[in-house]
Amino acid sequence: MRCILRFSIPAKKGNEAVADGTLAIAFKNLVEKVNPEAAYFHLDDGCRAGTIIFEATEQLSMAEINEPLFAMLEAKIDIQPAISLDELLEKL
């Protein structure tokens, strides 16, 4: 199942994570874990944020994705299933 993961990181924690190197580690670990079809890093309401599109497998638990972002970056996270237009039209 394709999923869209959106996250935002509070400015103070993001600044600390840049300074101590944990931001780069967290992003690298996330990308390695989910092997995204697309990954975008941007601002959301003045905070560092990202949108990751990936294929979820049964082996990949949401806790494996969420917990490092919570623990390392105090991230606010939203994960939703998504389908392409072609997939949607097949279902209709």
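Q: In what order do the four strands form the open sheet?
A: This is a predicted model, in which local features need pLDDT of at least 70, side-chain atom pairs count only at pLDDT 80 or more, and totals for chains, interfaces and linings use all residues. Residues are numbered from 1 along each chain as its sequence is written, and side-chain values use heavy atoms, leaving out hydrogens and water. Strands (E, at least two residues) and helices (H or I, at least four) are DSSP runs numbered from the N terminus, and two strands pair if DSSP finds at least two bridges between them. In this sheet the pairing is antiparallel, and the order is 2-3-1-4.

Q: Which are the edge strands?
A: The four strands form an open sheet. Each of its edge strands pairs on one side only. They are strand 2 (38-44) and strand 4 (76-81).

Q: Which residue in the turn between strand 2 and strand 3 has a positive phi?
A: Strand 2 and strand 3 (residues 47-55) are joined in the antiparallel sense over seven bridges. Within this pairing, Ala39 stands opposite Ile52, and Phe41 has Gly50 as its bridge partner. The two strands form a hairpin with two residues between them. The residue with a positive phi, about 55°, is Asp45.

Q: How many aromatic pairs are there?
A: Rings of Phe, Tyr and Trp (its six-membered ring) pair if their centres lie within 6.5 Å. Phe7, Phe27 and Phe41 form one aromatic cluster. The count of aromatic pairs is three.

Q: Why are helix 2 and helix 3 described as roughly antiparallel?
A: Their axes, lines fitted to C-alpha atoms over the stretch in contact, come within 10 Å. Angles run from 0 to 180 degrees between N-to-C directions, and those over 145 degrees count as roughly antiparallel. Helix 2 and helix 3 are therefore roughly antiparallel, since they cross at roughly 175°.

Q: How many nonpolar residues belong to the contact of helix 2 with helix 3?
A: Contact means heavy atoms within 4.5 Å. Helix 2 contributes residues including Leu23, Phe27 and Leu30, which meet residues of helix 3, among them Ile65 and Leu69. With Ala, Val, Leu, Ile, Met, Phe, Trp, Tyr, Cys and Pro counted as nonpolar, Asp, Glu, Lys and Arg as charged and the others as polar, the contact has one polar residue, two charged and, as nonpolar, ten.

Q: Is Asn66 buried or exposed?
A: Asn66 lies in helix 3 (residues 62-73). Leaving aside residues up to four places away in sequence, Asn66 touches Ile77 and Ile79. Buried means under 20% relative accessible area, exposed over 50% and partly exposed in between, using a 1.4 Å probe and protein chains only. Because its relative accessibility is 15%, Asn66 counts as buried.

Terms used
Phe/Tyr/Trp six-rings, centres within 6.5 Å; stacked < 30°, edge-to-face > 60°. Parallel < 35°, antiparallel > 145°, perpendicular 65-115°, else oblique.
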